[in-house]
Amino acid sequence: MYKVFLADDEIVVREGIRNNFPWDETQFVLAGEAPDGEIALSMIQDIKPDIVITDIRMPFMDGLELCRSVTRAMPWIYMIILSGYDDFSYAREAISLGVKEYLLKPVSGQELLAVLERISERIEFDKRQQANLRLFKEQFANSSRYLREKLLTDMMSPTGGDYIERANALQININANEYLVMLVKPSPVPAAQDEIMSARSVLQRISDGSGETTHLCEINGNFAFLVLGDDDDDLDERAYGLAQAAQYDVERNTGIKLTVAIGERVKSIPEIPASYADARAVLEKLVSLGEKPRIMNMQDVQSLDEGFSLLDLDVMPISEQIKHAGVSDVDRILNHYVESMGPSAAKSMMMANYMYVDIMLAASRMIKESGGIPHEVIPDVNRYQDAARAMLSFDEVLPMSREMLVSAIAFRNNQGSMRYGGVIRKAKAFIAENYADSNITLHDVASHVALSNNHFCTVFSQEVGVTYTEYITSVRLSKAKELLSATPMRTSDIAYAVGYNDPHYFSYLFKKNTGLTPRDYRREVREG
């Protein structure tokens, strides 16, 4: 399936394409839509569609500016310009931006299908081209390419040299206010050399399309990007955007998954080896931990390591013992707790209940600190509370104590790494408070948690398991289900109440995600 995104400020146009195009009968799916370029860009960064259809004239950010931004950050996306203005100057500029098709309004479903099918053929052709390494090998054999690679690898080793002069001779821009090195490793390493070369070809295309803000080379068996930025925020946005693009585009074209290690930011060219060393340490740590392919920097790895390290079990109280423990540590913690009381106390029902209440409070505190609600996380909580009021033996309270601790620790671990647990909780809380606002964007949430758009996209999808767009859609549709089940509100009013200005789009999303129209869902709930 090919994901299609639609950006147009005219609701009639969006509605026409959404409702009149035979999506269910084709290999295309409408992955999202937006009424202006700014909102569209945030959603596109999150959804990563294969094809974007955009109007030229839109408020805040027009279609051509959207094309520039998308092509620069996500060069694999095919752009289609949709316009009511038969103006050759628009078409000419669109072509210069790499736009593949230019359609005039109104467009019929048949016409759009023909265009989408042509683009799908081009996508498949590009994938086949990636497998054909002849052109890339010829380019790489070129002496200029070799000298570029040599310059970049030298800049990452602490040897020193006049890199500016060498770069100028090769017509490479390496002037920037800040730098960082990003290492990219196929994970797991594919056996076939041509697969590695295919991945390299995709990464080279991404680098070449960056406007000389990133440069690619190979060093010590890994792919390495030198990323240039104007300041901390700019460098952060570029690095995480590049990492996402690399992961997505390489897997899309070759099936290879990538682990990406981001080095520290540095202020000058002589400091670049320090950033490379930092990125290499991150990569080695990720490999040693056997982590699934993901995007991380040193702070992320340290937090991950802390989250799974064993605590000195001689430390009391129980809340400290479980602070960084894993589920597999629970039995050992409980045994030590009982042993630390001594043989006499271990026979006391009073001490058994003291331990039980202590564990209940510690588990409850961990769940709250991880952003959860104890009675929603701990199964059969009433039984535990009743037990706390009774005088029970150690044999009776230990199984229940174990269940509580396992539930609390598992919940904490599922909230993500220690570093980003707070970020995710803060983002989710912001979404919970603002989901009804139709104007809330990924940028709003990213700003609220003080991350760039691309950094937030990476963190959120890795820690939560779904994209921001998928998450807020699920929140809105869950609330819509409640309103459909418990109130007599009209479908259009419910759409507005959960953050959709277009009731038809709300109905489309509802059916796409549940298999039922809002009306059918309400009928099924009431009859059931």
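**Salt bridges, a mixed sheet and its helices**

Let me begin with one pair of side chains, K479 and E482, which meet in a salt bridge with N and O 3.5 Å apart; by salt bridge I mean a side-chain nitrogen of Lys or Arg within 4 Å of a carboxyl oxygen of Asp or Glu. Both residues belong to helix α22 (residues 468–486), where they sit three residues apart, about one turn of the helix. Helices here are DSSP runs of H or I with at least four residues, strands are runs of E with at least two, and both are numbered from the N terminus. K479 is partly exposed at a relative accessible area of 28%, and E482 is partly exposed as well, at 47%; the words I use are buried for under 20% relative accessible area, exposed for over 50%, and partly exposed in between, with a 1.4 Å probe and protein chains only.

Before going on, I should say that this is a predicted model, in which local features need pLDDT of at least 70 and side-chain atom pairs count only at pLDDT 80 or more, while totals for chains, interfaces and linings use all residues. Residues are numbered from 1 along each chain as its sequence is written, and side-chain values use heavy atoms, with hydrogens and water left out.

A search of the whole structure finds 27 salt bridges, and I will take two more of them. The first pairs D50 with R252, the closest N and O atoms lying 3.0 Å apart. This pair links distant parts of the chain, since D50 is in the loop between α2 (37–47) and β3 (51–55), R252 is in helix α10 (residues 232–254), and 202 residues separate them. Both D50 and R252 are buried.

The second joins K267 to E178, with 2.5 Å between the closest N and O atoms. K267 lies in the loop between β9 (258–262) and α11 (272–289), and E178 in strand β6 (residues 178–186), so this salt bridge ties together parts that are 89 residues apart in sequence. Is each partner buried or exposed? K267 counts as exposed at 54% relative accessibility, whereas E178 is buried, with a relative accessible area of 3%.

That brings us to the sheet. Strands of a sheet pair through backbone hydrogen bonds, either parallel or antiparallel. In this model five strands form an open sheet in the order β7-β8-β6-β9-β10, with mixed pairing; two strands are taken to pair if DSSP finds at least two bridges between them. The edge strands, each pairing on one side only, are β7 (214–219) and β10 (295–297), and the twist averages 25 degrees from one strand to the next. Angles here run from 0 to 180 degrees between N-to-C directions, the axes being lines fitted to C-alpha atoms, for helices over the stretch in contact. Strands β6 and β9 pair in the antiparallel sense over five bridges, and K185 has T259 of β9 as its bridge partner.

Which helix lies across β6, β7, β8 and β9? It is α9, which runs at about 155 degrees to β7. Helix α10 also packs on the sheet, touching β6, β7, β8, β9 and β10, and its direction makes about 145 degrees with that of β8; contact means heavy atoms within 4.5 Å. As for α9 itself (residues 193–208), its 16 residues reach 22 Å from first C-alpha to last, close to the 22 Å expected at 1.5 Å a residue, where the expected span is 1.5 Å times one less than the number of residues. Its buried residues include I196, M197, V202, L203 and I206.

Now to helix α24 (residues 503–514), which has 12 residues and reaches 16 Å from its first C-alpha to its last, close to the 16 Å expected. Its buried residues are P503, Y505, F506, Y508, L509 and F510, and they pack against α1 (11–20), β2 (28–34), α22, α23 (491–497) and α25 (518–527). Just after α24, G515 takes a positive phi of about 85 degrees.

Finally, some backbone details. The peptide bond from K105 to P106 is cis, with omega near -10 degrees, and P106 is found in the loop between β5 (101–104) and α5 (109–131). K48, although not a glycine, has a positive phi of about 55 degrees; K48 lies in the loop between α2 and β3, and is buried at 12% relative accessible area. A450 has a positive phi too, near 60 degrees, in the loop between α20 (442–448) and α21 (453–464), but A450 is exposed, with a relative accessible area of 65%.
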